[in-house]
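Me: I have a model open and want to go through it step by step. Can we take it as short questions, each with the reasoning shown?

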Amino acid sequence: MHIHRLEKIWLAIGVAMLFVFLGVIGVGAFAMGMQPPTGHHTIDPEKVSETYPFNNPGLEQVGENEYNAYMIAYAFGFKPAKMEVPLGAKVHFQVTSPDVVHGFQITGTTVNLMAVPGEVNHYTYTFDKPGEYLVLCNEYCGAGHEFMATTIIVK
Amino acid sequence: MTATVMQASAADNKRPFDGKDAKLVLAHLLVAFTALLLGGVAGVLQGLVRGGMIELPSEIGYYQILTAHGVLMALIFTTFFIIGFLYAGVSKTMGGKLLGVVSRMGWAGYVLMTVGTILGTIMILANEATVLYTFYAPLKANPFFYIALVFVVVGSWISGYGIFTQYRYWRRTHKGSVSPLFGFMAVATMLVWQIATIGVAITVLFQFIPWSFGWVEKINIMISRTLFWYFGHPLVYFWLMPAYMCWYICIPKIIGGKIFSDSMARLSFVLFILFSIPVGFHHQLMEPGIAPVWKYIQVVLTFMVVIPSLMTAFAMFATFEQTGRAKGARGLFGWLKTLPWGDVRFFAPFMGMLVFIPAGAGGIINASNQMNAMVHNTLWVTGHFHLTVATTVALTFFGVAYWLIPHVLGKQLTPRMNRLGIIQTIIWLIGMFFMSGSMHTVGLFGSPRRTAYTTYGDHPDAVFWMPYHVAMAIGGTILFIGVILMFCNMIALMRAPKGDEKTAAEFPIGETADAAEPTPKWIERWGVWVGVLVVLILFAYTVPFGDMLVNPAPGSKPWVTW
């Protein structure tokens, strides 16, 4: 099959850029630890409030200025309703849902994960700036979806 | 191993369209544009609510009309238009009329899809299915909403078999010839559709329907989401491929040029078949239950569609330049001036092409693994697909309608209609500039998609988003004017004056450039392409999906939260 010379050049440049780009993403994800949220950690959605650690949602210190944050996204709110995080803290979020699918997004940060019933999602974020961060549900979950929000205070 | 392509001649393009087939085509377009009108009403209401400009009466929910908008626009308008367009081209280029059995399959598919559309719309209007068009479990709609979806999908399958049947008949009766490009591409499009819908069929038939009737107690969420997105991404290629058919086959003829390369056009469609399906995880990057390495592998596979996209872009602009130079254009960009800017059959699809450049770039950002966290479920994504499907695909389909409707009826595309078409296109572009532009921007600031009016207790971040939401509502209102004008144009096209051999609208089927080499026959070895596709799907899904099956997360009971 004949391919025009200019088309060969065009495709070669395009494909080269593509692989550079994929390489950058891959190095970022696997060598520098910038993975999307993940975790294969199952939980019975009907027993979330009885299952450790979600029987006691909130912050748990695990190191020097390092915390686990166990959060429940439910229709239509978050537990704990208010949370305070020390400035500069590295927070390992663990999020699940006892009912339908929700989103867990902290605006102005890279924290954006799906709370799927039956699974616990994991993501780590370091809060370097003080402020009152807005946490909202970004997946449609029912009639009160737009009211599903809370804040995290970093100071 | 080469053979001559059956060339469409100018006389073929002008030849009157078969009267019986015309009814089938028009029936599809009527449902498509009715869905566009109703979906447009839902869309403008949403925009105004989100912008804080109106409040809906208490009997209608925001999420209810959001469901109606998504289902009617993304599923019904597109599918009906596509099947109508493909049947028209298949009839035109593969025998001049549909075989009796193919016509019957087309009607059977049409009736099933229409019944499904009506049933689904009733369920949405009754507030029995406020689950949005993605119907994520464990939100539970009325079981008849899922049954309505089955009707639509099964109907589209039967219509697809009709296209395969006509194609097989043509091949059998034209041994040694390469099939017409339209027929080849129609088969490729329907093949993607058949293989993609297997995923949604499995989840609806084996998970949603038994669970929503209460025959089984629980549903596995990750399995249902994975099956949905196995279907959900190739769905967008099912919208895009018919638009590419207009670009590859019809546009060269409309601008008075030739198809740049028949074989490269076919090869790009083969690549679309291979790389449109094993990629669904890029919609699930922010989810648990899928190992990072499998997310990344599907990201890499997703990006392979860059190759046929670049091929298409090259072919388009090569055609434009060759045509311009053949008409005597000089200088590096002189050929731009020779393009028929005043012809809506060119102008609308061309604007669609142009918009696809930023739209495609946005898509690359969305699929970029960890970078998706910046935009996932924000209005950026809504802005993205309002460029891809609601501008690139929609404007191309509108551009097709301006000749397809008069052609099948033996009528004229009058200069007045043409002018209205140009105006409609410009209205669409202006409306979309405001709406999609604001969506992209405010999405980057974090404003979530699929959310009714709220200021989140006057949080400063959310208050800052408000002016963008107002701009979205203004853009949406302009687009609604565009929808109304398009619907009126469609009615006017049906009532256009009759044409004779000279004045009737033609079905523009391009010829291949003389310099292009004959098309190799291996390109039509469908068994090979499907085989490679199956291998790719098994590679991309076996381990992660097997893990969901072998170590399933506890299931969920049904929830009705609206």
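**Strands, contacts and backbone**

Reply: Start with one pair in the sheet: Ile106(A) stands opposite Val135(A) in S9(A). The model is predicted.

Me: Which residue stands opposite Val135(A) in S10(A)?

Reply: Val135(A) belongs to a pairing between S9(A) and strand S10 (residues 149–154) of chain A. That pairing is antiparallel and runs over six bridges. Opposite Val135(A) in S10(A) stands Thr150(A).

Me: How many bridges join S6(A) to strand S9 (residues 131–136) of chain A?

Reply: S6(A) and S9(A) run antiparallel. Gln105(A) stands opposite Leu136(A) in S9(A). Ile106(A) stands opposite Val135(A). The number of bridges joining S6(A) to S9(A) is two.

Me: Which strands of the open sheet stand at the edges?

Reply: The sheet has five strands, with mixed pairing, in the order S4-S10-S9-S6-S7 (chain A). A strand at the edge has a single partner, so one side of it is left without a neighbour in the sheet. The edge strands are S4 and strand S7 (112–115) of chain A.

Me: What does the twist average from one strand to the next?

Reply: The order to follow is S4-S10-S9-S6-S7 in chain A. From one strand to the next, the twist averages 25°.

Me: Which element of chain A has the lowest mean pLDDT?

Reply: The mean pLDDT of chain A is 94, and 100% of its residues reach 70 or more. Among its elements, strand S6 (residues 102–106) has the highest mean, 97. The lowest, 92, belongs to strand S4 (residues 82–85) of chain A.

Me: How many disulfides are there over all chains?

Reply: A disulfide needs two cysteine sulfur atoms within 2.5 Å. For Cys141(A), the nearest cysteine sulfur is that of Cys137(A), 4.0 Å away. Cys141(A) is therefore in no disulfide. Over all chains the count is zero.

Me: Is Cys141(A) buried or exposed?

Reply: Buried means under 20% relative accessible area. Cys488(B), at 43%, counts as partly exposed. Cys141(A) has a relative accessible area of 0%, so the class is buried.

Me: Which three residues supply 11% of the area that chain B buries against chain A?

Reply: The contact takes 73 residues from chain B and 66 residues from chain A. The two chains bury about 5,500 Å² between them, 68% of it on carbon and sulfur atoms. No other three residues of chain B supply more of its share than Pro288(B), Phe314(B) and Gln370(B).

Me: Which residues does Ala27(B) touch, not counting residues up to four places away in sequence?

Reply: Ala27(B) is found in helix H2 (residues 19–50) of chain B. At 11% relative accessibility, Ala27(B) counts as buried. With those sequence neighbours left out, Ala27(B) touches Trp107(B) and Tyr110(B).

Me: What distance separates the C-alpha atoms of Ala27(B) and Tyr456(B)?

Reply: Along the chain, Ala27(B) and Tyr456(B) are 429 residues apart. Tyr456(B) lies in the loop between H13 and H14 of chain B. Their C-alpha atoms are separated by 46 Å.

Me: What value is phi of Tyr456(B) near?

Reply: Most residues other than glycine have a negative phi. Tyr456(B) has a positive phi. At 9% relative accessibility, Tyr456(B) counts as buried. Its phi is near 50°.

Me: Which residues is Thr455(B) in contact with, leaving aside its neighbours within four places in sequence?

Reply: Thr455(B) lies in the loop between helix H13 (415–444) and helix H14 (460–494) of chain B. Its relative accessible area is 17%, so Thr455(B) is buried. Beyond the sequence neighbours, Thr455(B) is in contact with Ala462(B) and Met466(B).

Me: Where is Phe135(B) found?

Reply: Phe135(B) has a phi near 35°, a positive value in a residue other than glycine. Phe135(B) is buried, with a relative accessible area of 4%. Phe135(B) is found in the loop between H4 and H5 of chain B.

Me: What is omega for the cis peptide bond that joins Ala137(B) and Pro138(B)?

Reply: Most peptide bonds are trans. Pro138(B) is found in the loop between helix H4 (100–125) and helix H5 (143–173) of chain B. For the cis bond from Ala137(B) to Pro138(B), omega is about 5°.

Me: Which residue does a cis peptide bond join to Tyr52(A)?

Reply: Omega for this bond is about 0°. The partner of Tyr52(A) is found in the loop between helix H1 (5–30) and strand S1 (58–63) of chain A. That partner is Pro53(A).

Note on methods: Residues are numbered from 1 along each chain as its sequence is written. Chains are lettered from A and ligands numbered from 1 in the order in which they are written. This is a predicted model: local features need pLDDT of at least 70, side-chain atom pairs count only at pLDDT 80 or more; totals for chains, interfaces and linings use all residues. Side-chain values use heavy atoms; hydrogens and water are left out. pLDDT is the predictor's confidence in each residue, from 0 to 100. Helices (H or I, at least four residues) and strands (E, at least two) are DSSP runs, numbered from the N terminus. Two strands pair if DSSP finds at least two bridges between them. Axes are lines fitted to C-alpha atoms, for helices over the stretch in contact, and angles run from 0 to 180 degrees between N-to-C directions. Buried means under 20% relative accessible area, exposed over 50%, partly exposed in between (1.4 Å probe, protein chains only). Contact means heavy atoms within 4.5 Å. Buried area is the accessible area (1.4 Å probe) that two parts lose on being put together, summed over both.
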